[in-house]
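Student: I have a model to look at, and I would like to know what the terms used for it rest on.

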Amino acid sequence: MSRAILRYMRHTIRHEPDSEVLYEAFCAASGCEESSDPQLAQEAAQDWCLRHTGRTGHDLFRRAVIDG
Ligand SMILES: [Zn+2]
């Protein structure tokens, strides 16, 4: 039997107010792996979705919001 030493520390995960928030949209159509790439403006990711739908007919997306 082995012994382990466990250490605990207090931590908080939160948004850093001075960091940027990025938005990325991913096409959810079967077989399509396109994405908007990270965008600084939410509207830019949404505009990419509209252009992608117009070009391909794909109309279902996932969105990721990334903060630092
Ligand atoms: Zn697509």
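Tutor: What follows takes one helix and one salt bridge and sets their values against the definitions. This is a predicted model, in which local features need pLDDT of at least 70 and side-chain atom pairs count only at pLDDT 80 or more, while totals for chains, interfaces and linings use all residues. Residues are numbered from 1 along each chain as its sequence is written, and side-chain values use heavy atoms, with hydrogens and water left out.

Student: How do you know that the span of helix H1 agrees with its 15 residues?

Tutor: Helices are DSSP runs of H or I with at least four residues, numbered from the N terminus. The expected span is 1.5 Å times one less than the number of residues. For residues 42-56 that gives 21 Å, and the end C-alpha atoms are 21 Å apart, so the two agree.

Student: Which residues of H1 are buried?

Tutor: Ala45, Trp48, Cys49 and His52 are. Their arc around the axis, taken from the directions from the helix axis to the C-beta atoms, is only 105 degrees, so they lie on the same side of H1.

Student: What makes glutamate 34 partly exposed and arginine 55 exposed?

Tutor: Buried means under 20% relative accessible area, exposed over 50%, and partly exposed in between (1.4 Å probe, protein chains only). Glutamate 34 has 34%, so it counts as partly exposed. Arginine 55 has 54%, so it counts as exposed.

Student: Why is the pair of glutamate 34 and arginine 55 called a salt bridge?

Tutor: The term requires a side-chain nitrogen of Lys or Arg within 4 Å of a carboxyl oxygen of Asp or Glu. Here the closest N and O atoms are 3.0 Å apart, so the pair qualifies.

Note on methods. Helices (H or I, at least four residues) and strands (E, at least two) are DSSP runs, numbered from the N terminus.
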